[in-house]
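Please open the structure in your viewer and keep the selection panel at hand. The tour below goes from the whole chain to single strands, helices and side chains, with a selection to make at each stop.

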Amino acid sequence: MKKIVVTGKTIDEAVKNGLGQLGVPEERVKISVLEQPSKGLFGLIGAKDARVELELLPDALEEAVAFLQEVLRSMKLDVRIEQKQDKDGTQLHLHGSELGMLIGRRGQTLDALQYLVNIVANRFSDRHVRIVLDAEQFRERRTKTLQELADRLAERVVRTRKEVVLEPMSPAERKVIHSWLQQHDKVRTFSRGDEPNRRIVIVLR
């Protein structure tokens, strides 16, 4: 952890000086008073400034990005990480060449890496942090594919009047299909089985 020792006429002034050097708000540091200020004899002789140690606390997102960068370096991938914030949390968009190996079959490698990135982030946070990892708009393309699949299978259920059981999917992918068919007037969905083999079932209403 980065630590600095700063001085000031008062403790507050010393802390302010330290925050200015680090460029962070007060909640990002741990403050330890090393020496109280003293006015000295007649307010002049032997006067001492306050000495304060500021320890920079880890930032959950910074730690997660650093972990991700280390993984990418170990895979010898030249990738640019773009950060975006939305109401659901933080999105890390990966841009570069040869990202297929990072995405994996149906996004399984990307999902695994996203899981690890979230573990790292939440290790350094006292509140829940949610990070979504995406590579070259894979999430958007995968969502569209799942929605189209849901429409085709819903039509089959209506036509044959028989339930359709999908292959096992991750919770995030199941959520896409459940949400997409929620307003369908002729079919409904539910999940069956246990992780990691939990499947969506589409049936007539």
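What percentage of the 205 residues of the chain count as buried? The share is 34%, and it should be read with the caution due to a predicted model.

**The whole chain**

Begin with everything displayed as a cartoon, in which the secondary structure comes to six helices and nine strands. If you select the C-alpha atoms and align the view to the principal axes, they fill a box of roughly 95 × 40 × 25 Å. The radius of gyration of the chain is 27 Å, whereas a compact globule of 205 residues would have one near 17 Å. Switching to a surface representation, you are looking at an accessible surface of about 13300 Å², of which 50% belongs to carbon and sulfur atoms. Among the contacts in the chain with a separation of 6 or more, 54% are accounted for by residues 24 or more positions apart.

**Strand β5 and its two partners**

Next select residues 89-96, which make up strand β5. Six of its eight residues are buried, so the strand is largely enclosed by the rest of the structure. Add residues 79-86, strand β4, and you will see that β4 and β5 pair in the antiparallel sense over eight bridges. The two strands are joined by a hairpin through two residues, and a useful pair to label here is D86 with G89, the residue of β5 that stands opposite D86.

Now add residues 131-135, strand β6, which runs parallel to β5 and is joined to β5 by five bridges. To find the register in the viewer, label Q91 together with its bridge partner in β6, V132.

**A stop at Q114**

Keep β6 on screen and select residues 108-123, helix α4, where Q114 has its place. Is Q114 buried or exposed? Its relative accessible area is 19%, and since the cut-off for buried is under 20%, Q114 counts as buried, though with a value that deserves to be quoted alongside the label. Leaving aside residues up to four places away in sequence, Q114 touches I131, V132, L133 and R139; V132 is also the residue already labelled as the partner of Q91.

**The sheet β7-β9-β8**

Hide the earlier selections and show residues 164-165 (β7) with residues 199-204 (β9), then add residues 187-192 (β8). These three strands form an open sheet in the order β7-β9-β8, with antiparallel pairing. The edge strands are β7 and β8, each of which pairs on one side only. Helix α5, residues 138-160, packs on this sheet and touches β7, β8 and β9, with a direction that makes about 40° with that of β9. Helix α6, residues 171-181, also packs on the sheet, where it touches β8 and β9, and its direction makes about 160° with that of β8.

With the helices hidden again, the pairing can be followed residue by residue. Two bridges join β7 to β9: V164 stands opposite I202, and V165 has V201 as its bridge partner. On the other side, β8 and β9 pair over six bridges, and one pair to label there is R188 with V203.

Where does the chain turn between β8 and β9? The two strands form a hairpin with six residues between them, and G193 in the turn has a positive phi of about 100°, which makes G193 a suitable last selection for the tour.

How values were computed:
Residues are numbered from 1 along each chain as its sequence is written. This is a predicted model: local features need pLDDT of at least 70, side-chain atom pairs count only at pLDDT 80 or more; totals for chains, interfaces and linings use all residues. Side-chain values use heavy atoms; hydrogens and water are left out. Buried means under 20% relative accessible area, exposed over 50%, partly exposed in between (1.4 Å probe, protein chains only). Helices (H or I, at least four residues) and strands (E, at least two) are DSSP runs, numbered from the N terminus. Two strands pair if DSSP finds at least two bridges between them. Contact means heavy atoms within 4.5 Å. Axes are lines fitted to C-alpha atoms, for helices over the stretch in contact, and angles run from 0 to 180 degrees between N-to-C directions. The radius of gyration is taken over C-alpha atoms; the globule rule is 2.2 Å times the number of residues to the power 0.38. Accessible areas come from the Shrake-Rupley method with a 1.4 Å probe; for residues, only the protein chains shown count as cover.
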